[in-house]
Amino acid sequence: MKLLILLVVVIGLVAIVQLAKVYQLTSSLRARREEDISEADNRLNGGLFLAFMVLFYASVIWLVVRYGDYALPSASLHGEAVDTLMGFNLAIIFAVFFLVNTLLFWFSAKYYYRPERKARFFAHDNRLELVWTVIPSIVLAVIIAYGLSTWNQMTGAPAEDALRVEIYSKQFDWTARYPGNDGEFGLSNYNLITPTNPLGIVTAEGLEASMSEVEKSIAKLEKELKHERGHLLKEQLELEAMLHGGDHHGDHADHGHGVDHAAVEARLHEIETLLEDESSLTILTEAAYEAKEDKLNRLKRHRQRLLEISEFNYDGGLSAWAAGNDDQIVKGEFHLPVGREVEMVFRSRDVIHSAYMPQFRAQMNTVPGVPTRFKMTPTITTDSMRYITGDENFDYVLLCNKVCGAAHFNMEMKIVVETQEEYDAWIKEQKEYLVKEESEEAPAETADLEGTTDKTTASL
Amino acid sequence: MADHAHHHEESFVSKFIFSQDHKMISKQFLITAVFMGIVAVMLSIFFRLQLGWPGESFAILETFLGKWAPGGVLDRNAYLALVTIHGTIMVFFVLTGGLSGTFSNLLIPLQIGARDMASGFLNMLSYWFFFVSSVIMIFSLFVEGGAASGGWTVYPPLSALPQAMPGSGMGMTLWLISMVLFVVSSLLGGLNYIVTIINLRTKGMKMTRLPLTIWAFLITAVLGVLSFPVLVSAVVLLLMDRTMGTAFYLSDIFIGGEALDVTGGSPILYQHLFWFLGHPEVYIVLLPALGISSEVIATNARKPIFGYKAMVGSILGIGFLSFIVWGHHMFVTGMNPFLGSVFVFTTLLIAIPSAVKAFNYITTLWQGNLRFTPAMLFSVGLVSTFVTGGLTGIILADSALDVSVHDTYFVVAHFHIVMGMSAIFGMLAGVYHWFPKMFGRMMNTKLGFVHFWITIISGYGVFFPMHFVGIAGAPRRYYDYSAFEYLDFVMDLQPVISVFAIVGALGQLFFLFNFFYSMFRGQVAVQNPWRSNTLEWTTPVEHVHGNWPGALPEVHRWAYDYSNPAHEEDFVSQITPAIPGEEIH
């Protein structure tokens, strides 16, 4: 292939040199003006348009024959409607494509310039123009009406008994969550994300643990800042100057007036005690001090956000904090029962991703801070699809389809569609969230992906 | 010529660099755009090598990209940077700045009969903002972490968080700064174009007699002036999110091991602001190309453009509708489905004026006397790409269908054909057609023929197969597809596409050679080489300040009296008074 490219480059360069010579010749002869296109050239270019048209149509037809059978049949209920709509639109599009391009290239070939002829002076014709305003309008009205009816069908409210699955994205993998026996997802909050709680599921215990960790960090930082030697010494000097300030500057007789001497002295005393306690003294550069101060403020706001996570009950009295206990979290692949409507809820941890399920004709962006939804009903099990495609390794995939960073092209999760019985057996085996917390979770693929991310970052 | 002698001698700097003459400024825009175009095409070839032959080593990549292609294999982050900067340069610097900047500047004063732009100074500023913005954009390719890499739309949070990818560091900041300067340039240019067209038309040049180029430039400028400020606010807010700790677009984010201290923003807000510009932008790119091709087709078909009023009406209609369709870029963001339906409706309406334009072009060709100059070839090519690419827009505008092809190669195919190829064809047509006006010399026509045929074949060769790759479900902006077995059977198209891309890029050498060589050595032009009706061909070949040496010309008729049976010649210049008994447009 490289050889081929090299060849193309060489031929290209040779061609350029040759053409430069042609250029020199034609322009030095000055036999003709550049703007005078000879009849032969006009006929040739017109003919080339026809030849191009034939070549173009042949390629298009070849592409359609060879690749037009993109179907993999749709594996979802709405997907079948989408495919029919697609076929309808494509039929219209191809008809217009052939009609217009044919007219264009045909006229180009037919009406090339002949000096003895004069073009027909034909500036406008209201009837004709009306025709090609009204006909497209009618066709478009049909396209719009048909398209929107399919759209409404796709986006209507999900059925009461729809299975609910949450799809969660982060750089660069997917996680699925099932609501468990109670049928409700536990509340989740990004402030609670930890390695053992990758979705930030809110539970009373988890919240308490996070809170105490934040408190601990705050206390530690506050202590460090309080014992910073340089700042203490500086404050000491300032306070002393405040106390004795009046003595040095006779003209400011009232300097120091209004200073609460008692309070200042108390603080001075406190500073002295702090300075004496050498073991806990810290020494920081100004920049480090500011950074720590900054961090402290951020932690305080983090604490505030944790405090604002409020508990509420779902219909039926189930607490949103308790609902998370039996949620089931899966990675790598997730399963769906065939023939049952599933309502997918999408969330994202870091940047916008897009959950793209091409075989189901389904796609929805995952947006940090804004949950999104999509409903669908799988109609063909993975096994049946393997039979249909004749490919025993076939799997449905969920891909990322919104550029999200270096490993964007590598962010997929397998979808397994199976019978209700198989699904029931599978879901029963998935651990519930609280159980999961005890076991070490270190799925191999996460480690691997993070490894590659580091590598990519390092290479730049 | 006597008049010329009165002009004071200009220094090199005021004549060629800080020039306030619209003709010189238009040349500056064109040459800058040609340079930016070369860069953008090269970037695309680099990533097409990776896409055509994933993981293979190409020495040329290491030569040009150094540490971005260690061992000749393109780095994954670098791939995204190339894609992003290719898109940015093509959309903004070549097809907006380059196209409008060159031809609005050149043609508005010349075709309406004005001495120059309303403000030569603003015009000069417009170019220099464009220039500085271009320099910054190119420079951003060389900074630590690489250039912006989030796609040309730079959606936050990806673009807002330096920890999300290396390209969201310094490169992104420079991208945003460059874009602000670019918008300033566009606004200065746009305001100037509008004011000039409204106020400085010569005697007799009624709005209904304006050439369609001028109508197209006018509406383009209006679109730009109304929509670019929205982009600037989007960009400035993003810059603030990046540097000042605001949270316009950020909320609930956990990245790099910590929960970010930002709440209350919405990433979707950015998309609304961006696409409020982004969609009119498509027409900012396309309308000037359509205007140019209208003029070129009428001139070289030796026929009046068919349905002048309908053509103007459809430009107005497209311009208006382009402001209320931006949501069709956002069907899968979780937007309310009903709102989605509204955007489906408004978007598909645009097909009506577009269809009118296409059929009017074709009727103009019918029973014409077609002179296939290179400009004419590109204009006919434009009509084909405009139709072919426009039709697939019907699928993308239909939300139910968009869901399955959104952000796939289908989209890449669609917009490259309808916007990329059409606009480039329009631009090239413009260059071939008005080269004699700009440089006083002719380009070589034979080289132009070769250039056109290579370009249209390779252009369709690159982009048409992408429809099939997209319908099969291949996402765009992927570095490598080999992990996805279901795509294997369309992926054998990728090397074919890449070969066409390389051939197409090499084919542009015919143009570059012709362009630069003819600038100095081309055949010296005559005053009206194409035997055209419009006013620019009544000016002397040698450029003079104020365009016409004597009094401004007076206009007596519309621009399209070609092959008018009342006249012997097959063209009647706009300055020709009515002959007795003639009914005049």
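Trainee: Is Val356(B) buried or exposed?

Mentor: The model is predicted: local features need pLDDT of at least 70, side-chain atom pairs count only at pLDDT 80 or more, and totals for chains, interfaces and linings use all residues. Residues count from 1 along each chain as its sequence is written, while chains are lettered from A and ligands numbered from 1 in the order in which they are written. A residue is buried if 20 or more other C-beta atoms, placed from the backbone, lie within 10 Å of its own, exposed if 12 or fewer, and partly exposed in between. Val356(B) has 21 such atoms within 10 Å, so Val356(B) is buried.

Trainee: Which helix holds Val356(B)?

Mentor: Helices are DSSP runs of H or I with at least four residues, strands are E runs of at least two, and both are numbered from the N terminus. The run from 351 to 365 of chain B includes Val356(B), and that run is helix α12.

Trainee: Which residues of chain A does Val356(B) touch?

Mentor: Two residues are in contact if their C-beta atoms, placed from the backbone, lie within 7 Å. Leave out residues up to four places away in sequence; in chain B, Val356(B) then touches Ala310(B) and Ser314(B). In chain A, Val356(B) touches Glu129(A), Trp132(A) and Thr133(A).

Trainee: How many residues does each chain give to the contact, and which helix of chain A gives the most?

Mentor: Chain A gives 110 residues and chain B gives 123. On the side of chain A, 15 residues come from the top contributor, which spans 126–155. That contributor is helix α4 of chain A.

Trainee: What is the make-up of the side of chain A that touches chain B?

Mentor: Ala, Val, Leu, Ile, Met, Phe, Trp, Tyr, Cys and Pro count as nonpolar, Asp, Glu, Lys and Arg as charged, and the others, Gly among them, as polar. By that count, this side of chain A has 63 nonpolar, 31 polar and 16 charged residues.

Trainee: Why does the radius of gyration of chain B agree with a compact globule?

Mentor: The radius is taken over C-alpha atoms, and the globule rule is 2.2 Å times the number of residues to the power 0.38. With 585 residues, the rule gives a value near 25 Å. Chain B agrees because its radius of gyration is 24 Å.

Trainee: What share of chain B is buried, and how many helices and strands are there?

Mentor: Of its 585 residues, 65% count as buried. Chain B has two strands, alongside 18 helices.

Trainee: Now chain A. What is the strand order of its open sheet?

Mentor: Two strands pair if DSSP finds at least two bridges between them. Five strands of chain A form this sheet, with mixed pairing. The edge strands, which pair on one side only, are β4 (333–337) and β7. The order is β4-β10-β9-β6-β7.

Trainee: How many bridges join β6(A) to β7(A)?

Mentor: Strands β6 (residues 353–357) and β7 of chain A run antiparallel. They form a hairpin with four residues between them. His353(A) stands opposite Thr366(A). The number of bridges is five.

Trainee: How many residues of β7(A) are buried?

Mentor: On one side, Ala362(A), Met364(A) and Thr366(A) are buried. On the other, Gln363(A) and Asn365(A) are buried too. The strand spans 362–366, and its buried count is five of five.

Trainee: What is the distance between the centres of domain 1 and domain 2 of chain A?

Mentor: Domain bounds come from an automatic or database domain assignment. Domain 1 covers 37–116 + 127–155, and domain 2 covers 163–200 + 318–440. Taken over C-alpha atoms, their centres are separated by 39 Å.

Trainee: Which residue is joined to Gln171(A) by a cis peptide bond?

Mentor: Most peptide bonds are trans. At this bond, omega is about -5°. The partner sits in the loop between β1 (163–170) and β2 (173–178) of chain A, and is Phe172(A).

Trainee: What is phi of Arg477(B)?

Mentor: Most residues other than glycine have a negative phi. Arg477(B) lies in the loop between α16 (445–471) and α17 (488–491) of chain B. Arg477(B) is buried, with 22 other C-beta atoms within 10 Å. Its phi is positive, near 60°.
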